[in-house]
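Here is a short set of questions and answers on how the terms used for this structure are applied. Each answer sets a value against a definition.

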Amino acid sequence: MKRSLVRTLVLLVVVVTIFACSKKDGAQATTTAQAPALPSDVASVGAVVTTQTTSTTVMTSAAGATSAEPVTAEVSGSMIAATGEFVSPVSSELSAKLPGRVAAVYVDEGSRVSKGQPLLTLESDYARLNLQRAEAETARAKAMLDEARSDVARKKELIGKNAIPQSTMDRSQGAFDQAVAGYQSAQAQASLLRQQVADAVLRSPIDGVVSSKRTDVGQRLGDNTVAMVVVQTSPLKLRFRVPERYFSSVHRGQAVKATVDPYPGQVFQGKVTVIGGVIDPATRSLLVETEFANRDGKLRPGMFARVELQPAS
């Protein structure tokens, strides 16, 4: 009986020990085991979050290492390579000298024009009629002047012979003076109306391109209404910036080369015309302005260009 009880107690202790060890091993396995894989519809989101976190860290480090804006020029071998934009040295906003209604338009946006070329004409029928009347009045005043001049000449001969009194001569001289004044007034009126007829035609003041057309036939133009904008295209200016360390290596008249996307492989020649005298404290660079003849008109204001400049020794 005692042996049976002892055997039962020993068996119970063994079972309890084995259970305790199993529980401990299970807890350790749970602690060291990897987390189960995410479902397929959630895994992609987790990957994106991980990538964004890494990228943000990298960008923050790069931003911390940057102290100033980069200069828009770099050194490639012995050349200074930069980027710039062509600009027009002259841009004219054209307005009619006199208000009126547009009768005809001869150009459109993008049209190439030359200095003095008519761009549009205002209605000028009444001005032309008034001009015709003024010219007729001028002719009449001229005839009266010629008659008064002849009369004065005759009276001078007569008074030299004492054939007429001095008062007659004075009246003839007075009539002559009035005829001169009348003729000059008629001439001035005709010139004024002739100028009004000429001003009815709006002409280009420069050689260039019509960049904007803001009116059309039938529209009325006021005193300050801009009808068209014409920009000069020959020559053109190209502006870009170079690092301040090349300030002493750039001088006026220095040759530059430029390329543009619309004409791949073609190199345009220009020269330095202006060198900025102030260094930009943000980029530590200075402005350089160049000039391109552009006689063939291929280059246009607003074109992006890549520039190469050989530093002066």
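Q: What stands opposite Val113?
A: Gly208 in E8 stands opposite Val113. The model is predicted, so local features need pLDDT of at least 70 and side-chain atom pairs pLDDT 80 or more, while totals for chains, interfaces and linings use all residues. Residues are numbered from 1 along each chain as its sequence is written, and side-chain values use heavy atoms, without hydrogens and water.

Q: What makes E5 and strand E8 (residues 208-213) a pair?
A: Two strands pair if DSSP finds at least two bridges between them, a strand being a DSSP run (E) of at least two residues. E5 and E8 have two bridges, in the antiparallel sense, so they pair.

Q: Why are E3 and E5 called edge strands?
A: The open sheet has the order E3-E10-E8-E5, with antiparallel pairing. Strand E3 (91-95) and strand E5 (112-113) each pair on one side only.

Q: How do you know that the span of helix H3 (residues 125-160) agrees with its number of residues?
A: The expected span is 1.5 Å times one less than the number of residues. For the 36 residues of H3 that is 52 Å, and the end C-alpha atoms are 53 Å apart, which agrees. A helix here is a DSSP run (H or I) of at least four residues.

Q: Which residues of H3 are buried?
A: Among them are Leu131, Ala141 and Val152; buried means under 20% relative accessible area, with a 1.4 Å probe and protein chains only. The buried residues of H3 pack against helix H4 (166-199).

Notes
Buried < 20%, exposed > 50% of the residue type's maximum accessible area, 1.4 Å probe, protein only. Contact = heavy atoms within 4.5 Å.
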